[in-house]
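User: I would like to learn how sheets and buried positions are read from a set of coordinates. Could you take me through some cases, one feature at a time?

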Amino acid sequence: MVLHEKADQAQALLAETGLDCWMTFARETALHPDPGMEQVVGADVVRNSAFLFGIGGERIAIVANFDTSAIRNKGVFHEVVGYDEDVRGPLLAALDRLDPRNIGLNYSLDDVTADGLTHGHWLKLQEIFQGTTWFSRLTSAAPLLARLRGRKSPAEIERIRGAVALTERIVDEITPQIRPGATERELAEFTHSRFAALGAPPAWPAEGCPIVNSGPDSDFGHSLPSPRIRVEPGHLVHIDLGVRFEGYCSDMQRMWYVRRRGEAAPPDEVRRAFDAVVRAIDAAAAVLRPGVPGWEVDAAARKVVNDAGRPEFKHGLGHGLGRAVHDGGTMLGPRWPCYGRNPEGLVEAGNVFTLEPAAMTSAGIVGLEEDVLVTDAGCEFLSTRQRELILVD
């Protein structure tokens, strides 16, 4: 079971990250989900609740009495303590028994998946710990959370493989729908019909999944498929899509070119741009291995695109992929202030990333996105590489 695999990982990560205790402090999680809870708790709570992992192997959940049954049923926590009126007493008692030198909390300046603690709940901890030594022992658990989320367990990897396989099946079914006169919206609606038929929810909100771009006048980025822009001869058609399979995501981009009458192949400009993007993915994959900082992988791909005379793509090369389509942890991106310290993180075996360089042309955007797994030996492609444009007449 994934939940137990992740809980065992978290236990081992305490020593690795120098923490004596990891505490997730949460409430009303249906309204304010903490990404850390989905890793090791797997159930919602209502009142103030604390989930403690101790360096000695302790796992203690302190929750309202009416939440104890759901937590016990998950089987992760060895001790489930219920309360009726105030979490303070049982929480302080648990910490007195553990006596940790430091306590990691879920907050981070850079990684949203490690930043589940709200400011209000931080202030609540100050109240609870008033008159004790515990507040002075609090620190960030971001290093633990990044590695916990990034190092995919065997069951997680198999679920991502399942999501990728479903996505590739949908791509094959999209190809016959790409024809002159079809609108971006119509292609998106067809894709939604395939999501539904396969029982595969979109990996991000359906309004913008898939992203569909046809030709140079389409809005690029996280845009909505247009009901007005139609596929025309001479257009590049670009689709960015992903699905969820048993709670895990895929995220892929695929490309088609619609030939003009009498045109045997795409124009040189399009072919050169597509070739640059393919080679950029090759370059990134050659560098992607455990111990390399994320920014170096991005730099290898970015250099290929820039050396080919294409404008620099204004986004990171890739992101973590897993429970979320942007799964936090180390990022394969440039050292721009907007990305914080995430590109400084080191790649680890078990990480799953996207590789998604891009290049603009007069026929539209060229964007490919592959899903890859980092192994001890380097990079394994989970998706089937697209190395040639799919040609449509």
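User: Which residue in strand 15 is the bridge partner of Val352?

Analyst: A bridge links a residue in one strand to a partner in another, and two strands count as paired if at least two such bridges are found between them. In this predicted model, the partner of Val352 is Leu373 in strand 15. That bridge belongs to the pairing of strand 12 with strand 15 (residues 370–375), which is antiparallel and extends over 4 bridges.

User: What is the strand order of the open sheet with 3 strands?

Analyst: The order is 12-15-16, and the pairing is antiparallel. Strand 12 (352–355) and strand 16 (378–381) are the edge strands, and because each has a single partner strand, one side of each lacks a neighbour in the sheet. From one strand to the next, the twist averages 40 degrees.

User: In what order do the strands of the open sheet with 6 strands lie, and how are they paired?

Analyst: Here the order is 4-3-2-1-5-6, and the pairing is mixed. The edges are held by strand 4 (79–83) and strand 6 (138–140), each having a single partner strand, so that one side of each is without a neighbour in the sheet. Direction ignored, neighbouring strands in this sheet are turned against each other by 25 degrees on average.

User: How many bridges join strand 1 to strand 2?

Analyst: Strand 1 (residues 21–26) and strand 2 (residues 49–54) run antiparallel and are joined by 6 bridges; within this pairing, Thr24 has Phe51 of strand 2 as its bridge partner.

User: Which strands does helix 4 touch where it packs on the sheet?

Analyst: Helix 4 (residues 88–98) touches strand 1, strand 2, strand 3 (59–64), strand 4 and strand 5 (103–105), and its direction makes about 170 degrees with that of strand 3. Helix 5 (residues 119–128), for its part, lies across strand 1, strand 5 and strand 6, and runs at about 115 degrees to strand 1.

User: Turning to a single position, is Ile239 buried or exposed?

Analyst: A residue is called buried when its relative accessible area is under 20%. Ile239, which lies in strand 8 (residues 236–241), has a relative accessibility of 0% and therefore counts as buried. Leaving aside neighbours within four places in sequence, Ile239 is in contact with Ile174, Pro210, Ile211, Val212, Met252, Gln253, Arg254 and Trp256.

User: How far apart in space are Ile239 and Glu184?

Analyst: Their C-alpha atoms are 9.4 Å apart, while in sequence Ile239 and Glu184 are 55 residues apart.

Notes:
Residues numbered from 1 in each chain as written. Predicted model: local features only at pLDDT ≥ 70, side-chain atom pairs only at ≥ 80, totals over all residues. Heavy atoms only, no water. Helix = DSSP H or I, 4+ residues; strand = E, 2+ residues; numbered from the N terminus. Axes fitted to C-alpha atoms, helices over the stretch in contact; angles between N-to-C directions. Buried < 20%, exposed > 50% of the residue type's maximum accessible area, 1.4 Å probe, protein only. Contact = heavy atoms within 4.5 Å.
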